[in-house]
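Me: I would like a close look at one part of this predicted model, namely its salt bridges. Please treat them in one connected account.

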Amino acid sequence: MQMLPRITVEVPVLAIGSVPSDYEELASHVDALRRRNGLHMTLLHIGVLEDFCRDVTQWTNGVTSVEDATFKTVAWLTALPVLRGFSGSAERLVVLGGGGVCGLEVDAPQPVHDYQVGLVQALHELLDELLVDNIDDFILGSRALGFRYPRWAPHIAVGRPKTRGSGPWEIGALGVEFGDSRIRNRQLLPPLGAG
């Protein structure tokens, strides 16, 4: 069964450390260390677009159709401002997602935190336009959005922890370079002219 693509707002990782071996050394703490060329930091997770729009339709008891939710969500996503590339740092690995994911905890500059807060506020505005009531309850209850934690913790998922339930691990300071923000799987969004 093919997995449907997830839609996120993210920033790509351009570099970790000053030489490639800085990243490879994380394998002493992590199983199945991910390839460097696919690493990113998620700023906002929307999930599978069809699932998100179906959640909206169910929540509004059909007042907002899947088609209307899709059109407005795609228009909203493509109009989001771009966060320019930035530098951060990382000094430890943490266990995420109930223990199945190991992440590099990122110390990001304040404008990145402000941008992420702005994304959540913009999501509230989108949901208000989609006639969703009790928006906070919807965000926590939507299976597509998958919000489990009230506070965003900047991180880069890098693999699986070697031992479950342990960590964090101090790794020494590493510089991290990020590119401009982007919409993951943007090319798979339906064209706006279809709405």
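To begin with, is D68 buried, partly exposed or exposed?

Reply: D68 is partly exposed, its relative accessible area being 29%. The side chain of D68 joins that of K72 in a salt bridge, with 3.4 Å from N to O. K72 also counts as partly exposed, because its relative accessibility is 24%, and this value lies between the limits of 20% and 50%. Both residues belong to helix α3 (residues 66-79), where a spacing of 4 residues separates them by about one helical turn.

A comparable description applies to helix α2 (residues 49-59), which holds D51 and R54, 3 residues apart and thus about one turn of the helix. Their closest N and O atoms are 3.0 Å apart in a salt bridge. D51 counts as partly exposed at 29% relative accessibility, and R54 likewise counts as partly exposed, at 42%.

Another pair links separate loops. The side chains of R84 and D180 meet in a salt bridge at 2.8 Å, N to O. R84 is in the loop between α3 and β4 (86-96), whereas D180 is in the loop between β7 (169-178) and β8 (182-183), so this pair ties together parts 96 residues apart in sequence. R84 counts as exposed, at 57% relative accessibility, while D180 counts as partly exposed, at 34%.

Salt bridges also form a network that links E10, R182 and R184. Over the whole structure, the search finds 9 salt bridges, whereas a search for disulfides finds 0.

Note on methods: Residues numbered from 1 in each chain as written. Predicted model: local features only at pLDDT ≥ 70, side-chain atom pairs only at ≥ 80, totals over all residues. Heavy atoms only, no water. Disulfide = S-S within 2.5 Å. Salt bridge = Lys/Arg side-chain N within 4 Å of Asp/Glu carboxyl O. Helix = DSSP H or I, 4+ residues; strand = E, 2+ residues; numbered from the N terminus. Buried < 20%, exposed > 50% of the residue type's maximum accessible area, 1.4 Å probe, protein only.
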